[in-house]
Amino acid sequence: MGLIARAIESVGIPTVAISLARDLTEAVGVPRAVFVRWPLGHPLGEPHAPAQQRTMIFEALKLLVHGRQPGQIVEPGFRWRRERYNEPNWDALQNPETLDTP
């Protein structure tokens with residue numbers, strides 16, 4: 001994914017990845033990524049857990065919109081099957097003052 005992301009970025013389109021293997025993500029030089037310590041094959045979370053999945057999409061979009069450093073890897077600290085997720089505040093993506101920037 002890192003090679004594809006870098007190729008897309010080279011034509012001016014920003015990208016963000018969701019990573020389950022931080023060492024590989026760092027090695028390939030992904031432009032920006034959200035890293036979670038979850039089982040392989042579950043980058044958005046558990047099946048039938050829409051709030052968790054929307055939260056991961058929100059975290060990725062937050063980094064895409066507000067990330068400032070190249071190669072930035074953000075780790076929100078979510079734990080597999082030990083978190084409760086609320087609906088993300090989607091309006092906060094448009095107003096950086098209302099959310100924590102990575």
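Strands here are DSSP runs of E at least two residues long, numbered, like the helices, from the N terminus. With that in hand, S19 can be placed in strand β1. The model is predicted, and its protein chain has a mean pLDDT of 91, with 94% of the residues at 70 or more. The briefing starts with the sheet and the helix packed on it, then turns to the pocket and to some individual residues.

**Confidence**

- Among the elements of the protein chain, β2 has the highest mean pLDDT, at 97, and helix α1 (residues 2-10) the lowest, at 89.
- As a general caution, predicted coordinates should not be read in detail where pLDDT is low.

**The sheet**

- Three strands form an open sheet in the order β1-β2-β3, and their pairing is parallel.
- The edge positions belong to β1 (17-19) and β3 (72-74); each has a single partner strand, so one side of each is left without a neighbour in the sheet.
- From one strand to the next, the twist averages 30 degrees.
- β1 pairs with β2 in the parallel sense over three bridges, and within that pairing S19 has F35 of β2 as its bridge partner.
- Strand β2 (residues 32-35) also pairs with β3 in the parallel sense, over three bridges; here A33 is matched with I73 of β3.

**How the sheet is covered**

- Helix α3 (residues 50-66) packs on the sheet and touches β1, β2 and β3.
- The direction of α3 makes about 150 degrees with that of β2.
- β2 is covered on both faces: R32 and V34 are buried on one side, and A33 and F35 are buried on the other.
- That arrangement can be read alongside a general pattern: in a regular strand, side chains alternate between the two faces of the sheet.
- K62 is a residue of helix α3, and it counts as buried because its relative accessibility is 13%, under the 20% cut-off.
- The C-alpha atoms of K62 and V16 are separated by 9.7 Å, with their positions 46 residues apart along the chain.

**S19 and the largest pocket**

- S19, in β1, is buried, with a relative accessible area of 4%.
- Beyond its neighbours within four places in sequence, S19 is in contact with T25, V34, F35 and V36; of these, F35 is also its bridge partner in β2.
- The largest pocket has a volume of about 160 Å³.
- Its lining is made up of M1, G2, A17, I18, S19, L20, A21, L24, T25, V28 and V30.
- Two elements, β1 and α2 (22-28), give two or more residues to that lining.
- S19 and T25 both belong to the lining of the largest pocket, and they are in contact with each other.

**The loop between β2 and α3**

- G45 lies in this loop and counts as buried, because its relative accessibility of 8% is under 20%.
- Not counting residues up to four places away in sequence, G45 touches W38, Q52 and W80.
- The C-alpha atoms of G45 and A7 are separated by 27 Å, and the two residues are 38 apart along the chain.
- H48 is in the loop between β2 and α3 as well, but H48 is exposed, with a relative accessible area of 80%.
- H48 has a positive phi of about 60 degrees although it is not a glycine.

**The segment after β3**

- R81 is placed in the segment after β3 and has a positive phi of about 60 degrees, although it is not a glycine.
- R81 counts as exposed because its relative accessibility is 59%, over the 50% cut-off.
- For context on such backbone angles, most residues other than glycine have a negative phi.
- E97 also lies in the segment after β3, and its relative accessible area of 76% makes it exposed.
- E97 and A27 are 70 residues apart in sequence and 32 Å apart in space, C-alpha to C-alpha.

How values were computed. Residues numbered from 1 in each chain as written. Heavy atoms only, no water. Pairing = 2+ DSSP bridges. Helix = DSSP H or I, 4+ residues; strand = E, 2+ residues; numbered from the N terminus. Axes fitted to C-alpha atoms, helices over the stretch in contact; angles between N-to-C directions. Contact = heavy atoms within 4.5 Å. pLDDT = per-residue confidence, 0-100. Buried < 20%, exposed > 50% of the residue type's maximum accessible area, 1.4 Å probe, protein only. 1 Å grid on protein atoms, 1.4 Å probe; cavity = no way out; pocket = protein on both sides within 12 Å on 5 of 7 lines; lining within 4 Å. Points joined across faces, edges and corners; volume = space filled by probe spheres on them.
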